[in-house]
Amino acid sequence: MTRQMTGAKMVVQALKDQGVDVVFGYPGGAVLPIYDEIFLQNDIRHVLVRHEQGAVHAAEGYARSTGKPGVVLVTSGPGATNAVTGLTDALLDSIPVVVLTGQVPTFMIGTDGFQEADTVGITRPCTKHNWLVKDTDALGDIIHQAFHVATTGRPGPVLIDIPKDVQFATGTYTPRTKARTARYKPRLKGDTAAITALVERMESAERPIFYTGGGVINSGPQASQLLRELVGATGFPITSTLMGLGAYPASGREWIGMLGMHGLYEANMAMHDCDLMIAIGARFDDRITGRVDAFSPGSFKAHVDIDPSSINKVIHVDIPITGDVAHVLEDLLRIWKARGRKVNKEALAHWWEQIEKWRAVDCLAYRASDSTIKPQHAIQRLEALSKGLDRYITTEVGQHQMWAAQFMGFEEPNRLMTSGGLGTMGYGLPASVGVQMAHPEATVINVAGEASFQMNMQEMATAVQFRLPIKQFILNNERLGMVRQWQDLLHGGRYSQSWSESLPDFVKLAEAFGCKGRAVSDPAELDEAIREMLDHDGPFILDVLVERHENCYPMIPSGAPHNEMLMGDDSTEGAIGSSGATLV
Amino acid sequence: MSALRLKKGTSSKSAYNLRDPHAEGLESHTLAVIVDNEAGVLARVIGLFSGRGYNIDSLTVAEIDHLGHQSRITIVTTGTPAVIEQIKAQLGRIVPVHEVHDLTVEGRAVERELALLKVAGTGEKRVEALRLADIFRANVVDSTLESFTFEITGTPEKIDAFAELMRPLGLSEIARTGVAALPRSDMSTDG
């Protein structure tokens with residue numbers, strides 16, 4: 001059945017057919033026909049953000065916490081350019097987001113019209129794919145293709161630029177089942193010979209390790225289940241990147257903590273000394289590898305990834321397996337079981353003894369204080385008091401993000417939303433808006449710094465308008481903590497522009513937005529303040545005034561390998577060499 | 001031709017060379033990329049090379065299947081083996097890219113480029129230009145009393161050599177198409 005309708009109606013119809021229930025957006029001249037159609041229906045809720053960047057981060061939060069694509073609707077020109085940071089963030093973290101932008105009418109394209117920008121040109125390098133729709137007849141097909149591209153293979157953001165005349169014109173709608181989606185078909189099953197070769201290595205490995213990443217979570221809940229089964233059955237230690245936290249539970253027996261620049265000592269030492277590294281849905285990011293030529297020098301490496309360009313990009317691996325994590329793990333488990341479930345038990349026991357020795361170093365230890373709130377302590381108390389809840393955590397970017405990753409335990413996938421690849425300050429607050437929209441009954445907490453929080457704090461108004469009881473947990477050290485830490489290590493403690501002067505009173509700010517706020521500086525009152533935040537039925541800003549000069553350890557200084565970690569302020573003298581200083 | 005010690009292709013002069021041309025183990029590869037002939041597809045390919053710092057020595061593109069909306073892009077690039085592999089993987093990731101063939105690896109390929117050269121001169125130089133053009137099997141496609149425009153087809157090296165010889169004879173303008181390449185069939189003999 002073919003149906004005639006306007007382009008604007010087609011957009012809403014296609015979104016409904018894709019099962020979209022929420023759109024994050026901001027209206028403007030070039031999308032008014034679509035907004036008119038949104039006005040005329042009740043199936044799709046529209047969340048009016050206060051800035052288009054917030055719309056994309058909210059859609060990312062929605063997508064990460066549900067596994068479904070997030071949808072954004074913004075206008076042409078500034079609407080589209082404001083979305084660019086969010087698109088780049090979603091690209092680097094492989095988050096499925098569909099952004100619809102308005103455009104000046106086709107006959108005006110190229111005339112420098114009002115609010116005209118070359119949106120597909122600007123967003124070409126920060127989307128997985130994008131389209132400029134020049135014909136209403138093609139619109140339905142393109143929207144369905146866009147959802148397909150965003151959600152299959154390695155997920156990512158896509159953008160559809162829709163000129164205003166295309167929205168007004170009438171055309172034939174292509175239903176979802178007729179859309180030309182077959183052209184993009186990434187390979188899901190891994191090569192059986194390669195998987196068998198990996199199983200053979202697993203049977204004899206003396207010091208194996210699983211190194212997992214966000215790809216496990218992107219592959220879906222099935223992948224996390226299979227990973228848990230595989231890890232439990234083999235007894236191999238498992239570490240994960242920031243993006244992969246929760247795929248294997250933090251309380252799991254084989255869990256040895258996050259790895260990387262601010263990862264745990266035991267995880268990094270185990271990566272350095274292992275003889276078999278099984279990388280699953282992780283991409284050897286520079287936060288993970290440290291110095292590349294000294295990265296895990298003695299190990300045999302296997303790498304499972306759905307994106308062939310991630311394999312051998314940074315680190316050469318011995319067994320590349322291109323495929324979807326869940327598909328590959330299923331085959332891996334089947335083959336390993338069929339061959340008799342063999343592991344090198346004796347060697348594994350020795351390996352665990354060694355790991356326990358590293359663990360005994362207690363790398364997260366910090367000096368406690370009765371007079372000031374230590375940021376690590378604040379996170380620990382937040383963790384303790386919120387653990388039993390149906391809880392989702394978002395973070396901003398900086399020290400607080402790393403402390404959250406170190407001190408909070410994630411038991412399930414899709415529970416931590418954080419900007420890993422791009423490191424976007426201002427991500428967490430709008431992301432928490434998106435998460436809360438998807439999970440109205442859950443407790444959604446944004447662990448923030450006072451500087452990151454200010455980057456998109458206008459979204460508090462969105463939370464208040466839509467009655468989203470998001471909790472903003474601000475570790476306020478009146479500093480750009482991570483910048484300051486690097487200035488300590490690299491620039492002789494000259495804190496160029498890294499302090500926050502003229503900070504707003506966050507309690508009054510909360511009141512100005514029409515929500516509740518509280519400040520706490522006395523460690524004795526911390527628990528009570530956290531409880532008030534968690535119990536409050538509405539958006540809440542908790543301004544936790546913490547120790548100002550705390551640095552985040554352990555740390556692999558830039559240009560150093562995994563086994564040369566800094567454990568605390570005492571060990572930082574001359575830690576970064578001249579070659580490391582150029583790295584970020 | 002080797003006596004002229006010319007660099008292969010036009011790589012040394014390309015504005016798209018972003019990586020160190022003296023890095024060790026550099027290889028030149030010819031890639032054939034089959035793409036949907038849709039708006040922006042060439043920009044995606046070029047943007048990939050500039051954005052990730054890969055080299056483009058030569059690039060040609062044209063529609064090859066009008067009904068199927070397909071184009072063929074031929075790219076000559078230089079890089080270390082790891083970079084070449086990465087380029088192929090990154091190209092394969094672009095949504096409207098259907099196939100990526102490394103003609104350098106898949107077996108010997110026929111590579112041809114077409115060039116137009118305008119050579120201005122009189123007297124003996126003019127006669128010499130014509131004589132050399134004959135040796136190189138270049139055709140005269142336009143002529144005035146003061147100039148010839150030659151059309152020459154061949155490998156980039158052949159065109160480099162011809163251009164070098166024409167320089168002292170009054171070469172005033174040159175237009176090159178870049179390399180088009182096809183893999184040789186199994187049965188074909190060198191031709």
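The following exchange asks how several labels used for this predicted model are justified.

User: What conventions stand behind the values for this model?

Analyst: This is a predicted model, in which local features need pLDDT of at least 70 and side-chain atom pairs count only at pLDDT 80 or more, while totals for chains, interfaces and linings use all residues. Residues are numbered from 1 along each chain as its sequence is written, chains are lettered from A and ligands numbered from 1 in the order in which they are written, and side-chain values use heavy atoms, with hydrogens and water left out.

User: What makes R183(A) and D36(B) a salt bridge?

Analyst: The term requires a side-chain nitrogen of Lys or Arg within 4 Å of a carboxyl oxygen of Asp or Glu. In R183(A) and D36(B) the closest N and O atoms are 3.1 Å apart, and the pair therefore meets the cut-off. Side chains of opposite charge can pair when their charged atoms come close.

User: Why is this pair said to join two chains?

Analyst: D36(B) lies in strand β1 (residues 27–36) of chain B, whereas R183(A) lies in the loop between β8 (170–173) and α9 (192–204) of chain A, so the pair joins two chains. The helices and strands named here are DSSP runs, numbered from the N terminus, with helices being H or I of at least four residues and strands E of at least two.

User: Which of the words buried, partly exposed and exposed applies to D36(B), and which to R183(A)?

Analyst: Buried means under 20% relative accessible area, exposed means over 50%, and partly exposed is in between (1.4 Å probe, protein chains only). D36(B) has 9% relative accessibility and therefore counts as buried, while R183(A), with a relative accessible area of 39%, is partly exposed.

User: How do you know that chain A and chain B touch, and how much area do they bury between them?

Analyst: Contact means heavy atoms within 4.5 Å, and by that criterion 14 residues of chain A are in contact with 11 residues of chain B. The size of an interface is often given as the accessible area lost when the parts come together. Here the buried area, which is the accessible area (1.4 Å probe) that two parts lose on being put together, summed over both, is about 1,100 Å², with 51% of it on carbon and sulfur atoms.

User: How many salt bridges are counted between chain A and chain B, and which classes of residue make up the side of chain A that touches chain B?

Analyst: Two salt bridges are counted between the chains. The touching side of chain A has four nonpolar, four polar and six charged residues, where Ala, Val, Leu, Ile, Met, Phe, Trp, Tyr, Cys and Pro count as nonpolar, Asp, Glu, Lys and Arg as charged, and the others, Gly among them, as polar.

User: Why is the pair E550(A) and K374(A) said to tie together parts of chain A?

Analyst: Their side chains meet in a salt bridge at 2.7 Å, N to O. E550(A) lies in the loop between β20 (540–545) and α24 (578–581), and K374(A) in the loop between α15 (345–359) and α16 (375–386), so the pair ties together parts that are 176 residues apart in sequence. Both E550(A) and K374(A) are buried.

User: Why are R484(A) and D488(A) described as about one helical turn apart?

Analyst: The two residues are four residues apart in helix α21 of chain A, which is why the separation is given as about one helical turn. Their closest N and O atoms are 3.4 Å apart, and R484(A) and D488(A) form a salt bridge. R484(A), at 5% relative accessibility, counts as buried, whereas D488(A), with a relative accessible area of 29%, is partly exposed.

User: What makes the backbone at R341(A) and at N414(A) worth listing?

Analyst: R341(A) has a positive phi of about 55° although it is not a glycine, and it is located in the loop between α14 (325–338) and α15 of chain A. N414(A), also a residue other than glycine, has a positive phi near 65° and is found in the loop between α17 (399–407) and β16 (416–417) of chain A. R341(A) is partly exposed at a relative accessible area of 48%, while N414(A) is buried at 19%.

User: Why is Q497(A) called exposed?

Analyst: Its relative accessibility is 62%, and so Q497(A) counts as exposed. Q497(A) is found in the loop between α21 (481–490) and α22 (506–513) of chain A.
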